[in-house]
Amino acid sequence: METINKQIQQIMQDIKNLKVQGASEVAKAGIHCIKIIIKNNPKLSKKELLQTIQKNTKDLIRLRPTEPALQNSLKQLIREFNKTNLEGQKLNKHMIIFCDNYIDNIKDIVIKIAKSGSEIIKDNDIIMTHCHSHTVVAILKEAKKQGKKFNVIVTETRPRLQGKITANELSKVNIPVTYIVDSAAALFMKDTTKVLVGADAISLDGSVTNKIGTYLIALAAKDFNVPVFVACASHKFDSRTILGFDVPIEERDTDEIITKKELNYKTLKIINPAFDTTPKKYIKQIITEKGILTPSNINKLSKLM
Ligand code: RUB
């Protein structure tokens with residue numbers, strides 16, 4: 001049991017410290033974590049197992065509060081658990097298969113979005129992207145595979161520099177990349193033909209929550225008439241927004257920006273929000289596995305879920 005607990009703690013730590021990052025990967029890791037719990041607790045009663053799952057689900061969600069994909073995935077898992085009449089070993093087996101299928105489904109969704117999203121990439125495009133989205137990288141790799149010739153501008157993405165991951169992954173498949181600091185985005189917008197970013201959450205009003213700085217890039221894009229595309233699986237729809245709530249923005253440790261040693265803290269406040277929300281008027285299209293939507297018809301997603 002000790003080793004299992006360590007394994008679960010490790011997954012949670014990896015999610016918290018961004019070793020596992022990007023909404024889709026976080027959702028997959030969350031499901032994987034619950035799968036380990038189910039697999040290693042064959043002797044618990046159905047009620048005890050459900051309580052253990054629910055407790056760990058809460059812990060997982062608290063790690064990254066701006067992640068509906070994680071929340072929706074875990075909710076589906078609990079729904080399936082409650083729906084089935086199975087007990088004991090049969091229940092365990094059923095839920096383990098459910099977890100494996102769920103993870104495969106997330107992978108398939110990314111492949112599907114890559115296929116349809118690659119259609120927006122044209123020869124000679126200069127695409128600006130921000131942070132590291134597995135979905136965006138998949139689209140760009142697919143477009144490259146199709147023989148399209150384009151360049152990508154990658155912002156470094158302060159404070160955790162996930163842009164480095166994007167730049168490396170694209171360079172590895174010979175896509176030309178220009179790596180810039182975030183504050184150079186407006187300067188480089190005049191050369192940009194499209195902005196393509198991922199998303200952590202989609203709201204009922206069509207706004208998109210993604211890595212901090214996305215909103216600023218969208219504002220610059222608007223000024224240069226550059227269309228903004230968002231690649232986003234439908235399970236990132238945040239149903240709390242149906243009730244009128246905003247997508248909560250995760251605040252991270254301020255040491256990610258600057259350490260306490262470096263500044264006089266007496267009159268100073270440091271805030272480190274991980275995400276921001278771009279209003280729908282700055283977004284041209286949202287590429288989902290259920291089709292390419294405009295922000296105005298995003299409410300279709302709530303019906304399709
Ligand atoms: C990553 C980020 C990504 C989205 C989408 O933020 O903002 O654009 O999560 O990613 P962080 P994906 O590094 O803080 O997790 O397309 O992989 O789901």
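These legends walk through close-up views of a predicted model.

**View 1. Two domains and the contact between them.** The domain assignment splits the protein into domain 1, residues 2–113, and domain 2, residues 116–304. Measure from one C-alpha centre to the other and you get 26 Å. On the domain 1 side, 23 residues take part in the contact, and domain 2 brings 34 residues to it.

**View 2. Helix α2, mostly tucked away.** Of the 17 residues in α2, 14 are buried, so the rest of the structure largely encloses this helix. Its length works out as well: at 1.5 Å a residue, α2 should span 24 Å, and its end C-alpha atoms are indeed 24 Å apart. The helix covers residues 23–39, and two of its lysines, K28 and K35, turn up again in the salt bridge views below.

**View 3. Helix α3 and what it packs against.** Here is α3, residues 46–63, with 18 residues and an expected span of 26 Å at 1.5 Å a residue. The end C-alpha atoms of α3 sit 26 Å apart, in agreement with that figure. Which residues of α3 are buried? They are L49, L50, I53, N56, T57, D59, L60 and L63. A helix has 3.6 residues a turn, so residues three or four places apart point the same way. The buried residues of α3 pack against four other helices: α1 (2–16), α2 (23–39), α4 (68–83) and α5 (88–117).

**View 4. Y102 in helix α5.** Is Y102, a residue of helix α5, buried or exposed? Y102 is buried, because its relative accessible area is 11%, under the 20% cut-off for that label. Setting aside neighbours within four places in sequence, Y102 is in contact with I31, N72, S73 and Q76. For a sense of the fold around this spot, look at L77: Y102 and L77 are 25 residues apart along the chain, and their C-alpha atoms are separated by 8.7 Å.

**View 5. A salt bridge inside helix α2.** The structure holds 14 salt bridges, and one of them joins the side chains of K28 and E25, at 2.8 Å from N to O. Why are these two about one helical turn from each other? K28 and E25 are three residues apart in helix α2, so about one turn separates them. The two partners differ in their cover: K28 counts as buried at 16% relative accessibility, while E25, at 24%, counts as partly exposed.

**View 6. A salt bridge from helix α5 to helix α2.** D100 and K35 meet through their side chains in a salt bridge of 2.7 Å, N to O. This pair ties together distant parts of the chain, with D100 in helix α5 and K35 in helix α2, 65 residues apart. D100 is partly exposed, with a relative accessible area of 30%, whereas K35 counts as buried at 14%.

**View 7. A salt bridge within helix α4.** In this view E80 forms a salt bridge with K83, and the closest N and O atoms are 3.4 Å apart. Both residues lie in helix α4, three residues apart, which is about one turn of the helix. Are E80 and K83 buried or exposed? E80 counts as buried, because its relative accessibility is 14%, but K83 counts as exposed at 60%.

**View 8. E256 and a salt bridge network.** E256 lies in the loop between β7 and β8, and its relative accessibility of 17% makes it count as buried. Apart from neighbours within four places in sequence, E256 is in contact with R158, P159, R160 and N272. One of those partners, R160, also appears with E256 in a network of salt bridges, together with R64, E250 and R252.

**View 9. A nonpolar patch on the surface.** Which residues form this nonpolar surface patch? They are L204, I242, L243 and F245, and together they offer about 420 Å² of accessible area. Zoom in on I242 and you are in the loop between β7 (228–231) and β8 (275–278). I242 is partly exposed, with a relative accessible area of 47%.

Methods. Residues are numbered from 1 along each chain as its sequence is written. This is a predicted model: local features need pLDDT of at least 70, side-chain atom pairs count only at pLDDT 80 or more; totals for chains, interfaces and linings use all residues. Side-chain values use heavy atoms; hydrogens and water are left out. Patches are made of residues with over 30% relative accessible area and no salt bridge: like charges are joined within 9 Å, nonpolar side chains (Val, Leu, Ile, Met, Phe, Trp, Tyr) within 5 Å. Accessible areas come from the Shrake-Rupley method with a 1.4 Å probe; for residues, only the protein chains shown count as cover. A salt bridge is a side-chain nitrogen of Lys or Arg within 4 Å of a carboxyl oxygen of Asp or Glu. Buried means under 20% relative accessible area, exposed over 50%, partly exposed in between (1.4 Å probe, protein chains only). The expected span of a helix is 1.5 Å times one less than its number of residues. Contact means heavy atoms within 4.5 Å. Domain bounds come from an automatic or database domain assignment.
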